[in-house]
Amino acid sequence: MLKKKRHVIHKAEDLLVLLRQQRNVHVLSQCEIKLNINLYEIIAENPIEGIELIEGLDQSTNTDLISAKITPGLYLTNLRFKKTFGIVDCLIKGPVIFNNVIFEEGLQFHYNELIGYLNFNQVVVNGEASFSSTRAHDKFSILKSVLPLGKPGFKYSVFEKEVFLFDTHFPNGLDLSSSHFKDKLEISHGHIRGLLNISDARVGRFVLAGAFRGDERILLNDVNLSDTAFEQQVQLHNITLTGTLRATRALFEKELYIDYSVFNGHVRFPAVTANGIVMIEHCKFEQDLSFSHGLLEKSVSFTNTVYNGSLWFTGAKVNDNMWIGAGLQAEEAVSFPGTLGFEASIISANSIVRIFRINTQETIKGKLHMQSALVKGLVDIRKVYIKEICLDGAVVTGNLQVSGTLAPYVTDWHGARLLKNEAKKINNNISALAYYRREMELHAKGLHFRQTGDWLLLKLNAWSNRYGTSWLTGAGFTIVTGFVFFYMFALSAHNFHFVQPDWPGFLQYFWLPNGLNGLVNINNTVNGGFVGGFFFLLGKILIAYVIYQTIAAFRKFL
């Protein structure tokens, strides 16, 4: 197949011939360009309708005039284009320098192959701009410019070296999808309205950042990183996102760092593969942050970050250590009002998941959900104050260590039983008792109305010694129960007429070795008849039972 013959533009005359042939546009198509003169000088000596000079050359623009003579390429300096300007399907065999150029009717720059580096500085496009299907063999930089991109954007492009977009305004969004960045892609400062689209791409190192020192952030609406392979380190630093960030099925081969940023919308990394460490710190998430169904191969850290939404690891596989909450050196706990979700997740045997210093005793809020999770490693929860814990269906073959202070907030008896057994594994009898009590409380709540016997038995255990955890409750219940039944016995003996309490008689009744003394009168009949006998005997039985319960509660730590 024969290659298309290109127009050769090596001299000013070659360029002038093409520009003068066109009336409504200025488009260089299928050209080979290697000019040794700046277009500014060509237009200064050979005016062309629709191309105007911008007066006031400074030192940098004078440098461009000299550089064109030393290193031929394509140089445009201090120019205003009144008609659409385009460079399409061209081979440019040298640097491409656009400095202080205004395109009133748009810029079409696509299907080009660039042998040298490209540098756009203070380029303003008032129409639409397009850079799709570009192949750049050297560095590609756009600085302090305004580029309202059309739909293709930079789509289907290949960049062999660094791409640097600095302090540039993209009012229609920035489409870098389906492109290959073999070295580094850095987008810093500036403002991207609409969508920043880096989906279906391959990227070496990626930096999306505002100022590295100071509070000046890069402003973004929405970001799409889905189905993109990031082959080197990824850093999101000092950004403000008003919309959503989506990275479905993204691949991070190396580190992922997110810090000093504010996310006002949802941030989702579903089905992500992270082969390097993930570190998120000093950020603020107004909505949910999700790594659901992701594969996290290396350590993950979420520290000193404010969450107003939830943090999801539903269905994720965690193969290394994880830290969520405040850092060890942090002075304050992390506020977390949402849900920390590990539903159906797998925490491998090599993993230690630490959840540390979340909320305070004065601000108990948030939820921990681990339904149907499989914990093969260690989950360690310390200084965490949340209002709901659910572990229904969770399986722990490793260890799950949780402070007993969270027992009142467990919502399912399966979870309480699980935490009780986990506490026993490490001989933590205090926490085990707390979770045992909660297990019984939840079991009692879940009983069917036909299971009256079990319900009554559990209630007696609760009233008598709080399921073996409170001897004071047992002692108090013993005295109250004994007195109530003794007094009912006394009332029945006096035909239920009011009588003053007989305290000596009560002490005799309470002293179990006295047996049935006082039940039968001198007439050899039962005081109070059947009703009196009922209260007398039932009271004795309950006193014996509750004394036993009190002694059992005394031995709760043994």
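User: In β9, which residue is the bridge partner of Ile 87?

Analyst: This is a predicted model. Strand β6 covers residues 84-88, and strand β9 covers residues 107-110. The two strands run parallel and are joined by four bridges. In β9, the partner of Ile 87 is Phe 109.

User: Which strands stand at the edges of the open sheet β2-β6-β9-β12?

Analyst: Four strands form this sheet, and their pairing is parallel. An edge strand here has a single partner strand, so one side of it is left without a neighbour in the sheet. That describes two strands, β2 (25-29) and β12 (129-130).

User: How many disulfides does the structure hold?

Analyst: A disulfide is a covalent bond between the sulfur atoms of two cysteines. The cut-off is a sulfur pair within 2.5 Å. Take Cys 90: its closest cysteine sulfur, in Cys 31, is 4.3 Å away, too far for a bond. For the structure, the count of disulfides is zero.

User: Is Cys 283 buried or exposed?

Analyst: Buried means under 20% relative accessible area. Cys 283 has a relative accessible area of 3%. That value is under the cut-off, so Cys 283 is buried.

User: How many of the seven residues of strand β43 are buried?

Analyst: Strand β43 spans residues 352-358. It is paired in parallel with β40 (residues 322-325) over four bridges, and with β46 (residues 378-384) over six bridges. The strand is largely enclosed by the rest of the structure, because the number of its residues that are buried is five.

User: Which residue in β46 stands opposite Phe 356?

Analyst: β43 and β46 pair in the parallel sense. Opposite Phe 356, in β46, stands Arg 382.

User: Which helix gives the most to the largest nonpolar core?

Analyst: In soluble globular proteins, nonpolar side chains tend to be buried together. The largest nonpolar core here has 128 residues. Those with the most contacts inside it are Phe 98, Ile 187, Phe 206, Phe 269 and Phe 313. With five residues, the helix that gives the most to this core is α1 (residues 12-20).

User: How many residues are in the other core, the one with Phe 489 and Leu 542?

Analyst: This core lies apart from the largest one. Among its residues are Phe 489, Phe 535, Phe 536 and Leu 542. Its residue count is five.

How values were computed: Residues are numbered from 1 along each chain as its sequence is written. This is a predicted model: local features need pLDDT of at least 70, side-chain atom pairs count only at pLDDT 80 or more; totals for chains, interfaces and linings use all residues. Side-chain values use heavy atoms; hydrogens and water are left out. Buried means under 20% relative accessible area, exposed over 50%, partly exposed in between (1.4 Å probe, protein chains only). Two strands pair if DSSP finds at least two bridges between them. A nonpolar core is a set of buried Ala, Val, Leu, Ile, Met, Phe, Trp, Tyr and Cys residues joined through side-chain atoms within 4.5 Å.
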